[in-house]
Amino acid sequence: MSQQRKRSRGGPGTQHGASQVEEVEEYSFTQTQTPTQVQRNLEKRSSEQVDQKVGEVLQYLLVKDQKKLPIKRADIMKSVVKEYKDIYPEIMNRVGRKLQQVFGLQLEEIDTKNHIFILVNRLQRVEGDNMHVDDNTGKLGLLTVILSLIFMKGNVAKESVIWETLRRLRLDPGEKNSEFGDLKKLVTEEFVRQKYLEYTRIPHTEPVEYEFRWGPRAFKETSKMKLLEFVSKIQNKDPQSWVSHYKEAMEEATATAAHH
């Protein structure tokens with residue numbers, strides 16, 4: 001700890017660099033520990049201390065999850081684990097078990113390079129879609145429409161196509177909506193920040209155009225088959241009448257089943 005304090009004393013310009021160094025050190029520190037070392041470190045602490053720390057991490061993750069924001073491992077280390085970083089792997093094992101057994105949630109890494117996690121609800125997975133966007137059913141309905149459209153358009157849809165479809169549903173991105181507020185901001189910022197959508201610029205377009213794809217949270221919390229069923233209910237058709245989409249959805253379902 002004394003080394004870390006020394007580093008952060010170097011004035012405002014060096015603080016960002018220092019925090020990056022700390023993150024790298026924390027990362028390498030947790031990665032180089034062997035299970036035996038973790039076990040030895042665990043024995044230095046009382047079970048009450050460890051249980052309390054597990055509870056703190058659990059609470060931190062659940063609070064973060066209410067806003068549906070991705071969780072960085074560096075933030076877990078810095079904000080909650082702190083001086084218990086020498087038993088970080090064990091703390092996260094116990095947190096993972098509790099999340100699953102008590103809340104039906106699973107901590108999944110969606111970005112292995114930057115170590116970013118989300119909590120995925122496993123309880124209702126069998127019953128149907130489990131996207132609970134701020135528990136707002138209107139937003140959930142809107143998101144379902146957009147994700148379905150992206151899938152039906154070949155897994156990528158131009159921004160103009162999304163807005164055109166929403167206008168047909170009497171939702172104008174240029175106007176404030178009583179339920180959604182600023183619709184354009186909700187779709188291009190909030191859903192993107194929550195990792196349900198990816199919003200990227202199409203290269204070499206003049207004027208500049210953007211396109212949407214599914215974000216990593218969408219792949220974790222729903223499936224192509226669920227959304228194909230949604231579209232078929234709306235259009236009153238058999239899902240199999242979309243031959244290539246049905247085949248793709250079946251392939252995804254088979255791959256997911258094999259993975260679990």
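**Exercise 1.** Is E209 buried, exposed or partly exposed, and what is its relative accessible area? Determine also how its salt-bridge partner is placed.

*Solution.* The structure is a predicted model.
Step 1. The relative accessible area of E209 is 29%. A residue counts as buried under 20% and as exposed over 50%, so E209 is partly exposed.
Step 2. The side chain of E209 meets that of K158 in a salt bridge, at 3.7 Å from N to O. E209 belongs to the loop between β7 (197-201) and β8 (210-214), while K158 belongs to strand β4 (residues 157-158); the pair therefore ties together parts that lie 51 residues apart in sequence.
Step 3. K158 has a relative accessible area of 39% and is likewise partly exposed.

**Exercise 2.** Which parts of the chain are linked by the pair R94 and D51? Classify both residues by accessibility.

*Solution.*
Step 1. A salt bridge joins the side chains of R94 and D51, with an N to O distance of 3.9 Å. The cut-off for such a contact is 4 Å, so the pair qualifies.
Step 2. R94 is located in helix α6 (residues 88-103) and D51 in helix α4 (residues 47-66); with their positions 43 residues apart, the pair links distant parts of the chain.
Step 3. R94 has 24% relative accessibility and counts as partly exposed. D51, at 47%, is partly exposed.

**Exercise 3.** How are E221 and R217 separated within helix α10 (residues 216-221)? State whether each is buried or exposed, and then turn to the salt bridges that share partners.

*Solution.*
Step 1. The closest N and O atoms of the salt bridge between E221 and R217 are 3.1 Å apart.
Step 2. Because the two residues are 4 residues apart in helix α10, about one helical turn separates E221 from R217.
Step 3. E221 has a relative accessibility of 2% and counts as buried. R217 is also buried, at 0%.
Step 4. Elsewhere, D51, E90 and R94 are joined into one network by salt bridges that share partners.
Step 5. The count of salt bridges in the model comes to 13.

**Exercise 4.** Which residues of helix α8 (residues 159-168) are buried? Describe how they are arranged around the helix.

*Solution.*
Step 1. The buried residues of α8 are E159, I162, W163, T165 and L166.
Step 2. In a view down the axis of α8, these buried residues fall within an arc of 160 degrees, so they line one face of the helix.

Methods. Residues are numbered from 1 along each chain as its sequence is written. This is a predicted model: local features need pLDDT of at least 70, side-chain atom pairs count only at pLDDT 80 or more; totals for chains, interfaces and linings use all residues. Side-chain values use heavy atoms; hydrogens and water are left out. Buried means under 20% relative accessible area, exposed over 50%, partly exposed in between (1.4 Å probe, protein chains only). The arc is that of the directions from the helix axis to the C-beta atoms.
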